[in-house]
Amino acid sequence: MVKLLDIINEIKEAKGENLLTSLDKDMKLRDDLGLDSFDLALLTAKIEDEFDIDVFEDGLIETIGEILIKLEK
Amino acid sequence: MRNLRLEGKYVYLEEVQPKYFPYIIEWRNNPENNRFLNQPFKLTMELQIKWYEEKYLNDFSQGLFVMVDKANDVPFGTLGWTDYDQDAKRCISGRVLVNDEKYKVKKQFLEATMLYNDFLYYKLKVERVYAHIVKENYASISWSKNWGFKLNKELVIYPNELLVQGMQQDEYKRSLEEYMSIKNRVLKVLKI
């Protein structure tokens, strides 16, 4: 969770947005975190680099919890 | 045919050719994709062949790439330009179609966009790239701004593009420097 928070904050920092202090599994990537397609593509690439998992391989995911499930597999 | 091919780590881009027509027709006719297209008519194989043979192959002011995922050789979208003006060093970028939603949030689309933009700036040697986006096409506006485009608040270069098929569009523009700042950020993430 901490590493994922760091990755998301890297993306938000580059956009000049306020950083998050924590993540909740129910947070929605687009609606709650304000990530658009470009951000999500960066997020996917960073997660793949860090965890060697393509979280969007099987289709779209919407929440932090869905990413965590993928990372636990 | 110009037989253009751009090679990346995760994707390659090939200039449009008949083997891609079935894909393009399917993508173009998908209501999710053609909502904001300038040419929203139903595309048929006959129309596609006619356009390709009579228009495209004789018109060097435009180009269309098909993005292909190297991992599985699956074509997943298009990117292209029109109105290339060698003397004015500018063109209009667009023709962005990504049929499979998951590719919109994948590194393959990032790399493909980068290869394509490198081609515009370094091979075609344009200094300014323009884009025209329907005011309500928020996803495209967001994507374009992320890639460095800014609303053109100065003299509109292509006034005929501001109203197409009854849809109002805004003109966006981007310099090489504006593109490079984004490219460098993407390169760091993709590590290529």
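1. Start with B:Leu163. It stands opposite B:Gln168 in strand S9 of chain B. The strand pairing here is between S8(B), residues 163-164, and S9(B), and it is antiparallel, with two bridges. The two strands form a hairpin. Two residues lie between them. In that turn, B:Gln165 has a positive phi of about 55°. Keep in mind throughout that this is a predicted model.

2. S9(B) has other partners too. Strand S6 of chain B, residues 128-134, is joined to S9(B), residues 167-175, by seven bridges. These two strands run antiparallel. To find a matched pair, look at B:Ile133, whose bridge partner in S9(B) is B:Asp170.

3. Next, take strand S7 of chain B, which covers residues 150-151. It pairs with S9(B) in the antiparallel sense, over two bridges. Here B:Leu151 stands opposite B:Tyr172 in S9(B). One general point helps when you view these strands. In a regular strand the side chains alternate between the two faces of the sheet.

4. Now turn to helix H4 of chain B, residues 107-123. Does its length fit, and what span should we expect? At 1.5 Å a residue, its 17 residues should span 24 Å. The end C-alpha atoms are 23 Å apart, which agrees. Just after H4(B), B:Lys125 takes a positive phi of about 60°.

5. Is H4(B) enclosed or open? Of its 17 residues, 12 are buried, so the helix is largely enclosed by the rest of the structure. Among the buried residues are B:Phe109, B:Leu110, B:Met114 and B:Leu120. Charged names appear in the list as well, including B:Lys107 and B:Glu111.

6. B:Tyr116 is a good residue to inspect in H4(B). It has 22 other C-beta atoms within 10 Å, and the cut-off for buried is 20 or more, so B:Tyr116 counts as buried. Which residues does B:Tyr116 contact, leaving aside its neighbours within four places in sequence? They are B:Leu13, B:Phe65 and B:Leu79. B:Tyr116 and B:Leu64 are 52 residues apart in sequence, and their C-alpha atoms are 9.9 Å apart in space.

7. Set B:Asp73 beside that. This residue lies in the loop between strands S3 (63-69) and S4 (74-85) of chain B. Is B:Asp73 buried or exposed? It has 8 C-beta neighbours inside 10 Å, so B:Asp73 counts as exposed. B:Asp73 and B:Lys125 are also 52 residues apart in sequence, but 29 Å apart in space, C-alpha to C-alpha.

8. Now for the contact between the chains. It takes 15 residues from chain A and 16 residues from chain B. On the chain A side, the largest share comes from helix H2 of chain A, residues 37-51, with 10 residues. By class, that side has eight nonpolar, three polar and four charged residues.

9. How do H2(A) and H4(B) meet, and at what angle do their axes cross? The axes come within 8 Å and cross at roughly 115°. The two helices are therefore roughly perpendicular to each other. From H2(A), the residues in this contact are A:Ala41, A:Thr44, A:Ala45 and A:Glu48. They meet B:Lys107, B:Phe109 and B:Leu110 in H4(B). By class, this helix contact has four nonpolar, one polar and two charged residues.

Conventions:
Residues numbered from 1 in each chain as written. Chains lettered and ligands numbered in written order. Predicted model: local features only at pLDDT ≥ 70, side-chain atom pairs only at ≥ 80, totals over all residues. Helix = DSSP H or I, 4+ residues; strand = E, 2+ residues; numbered from the N terminus. Expected span 1.5 Å × (residues − 1). Contact = placed C-beta atoms within 7 Å. Axes fitted to C-alpha atoms, helices over the stretch in contact; angles between N-to-C directions. Parallel < 35°, antiparallel > 145°, perpendicular 65-115°, else oblique. Pairing = 2+ DSSP bridges.
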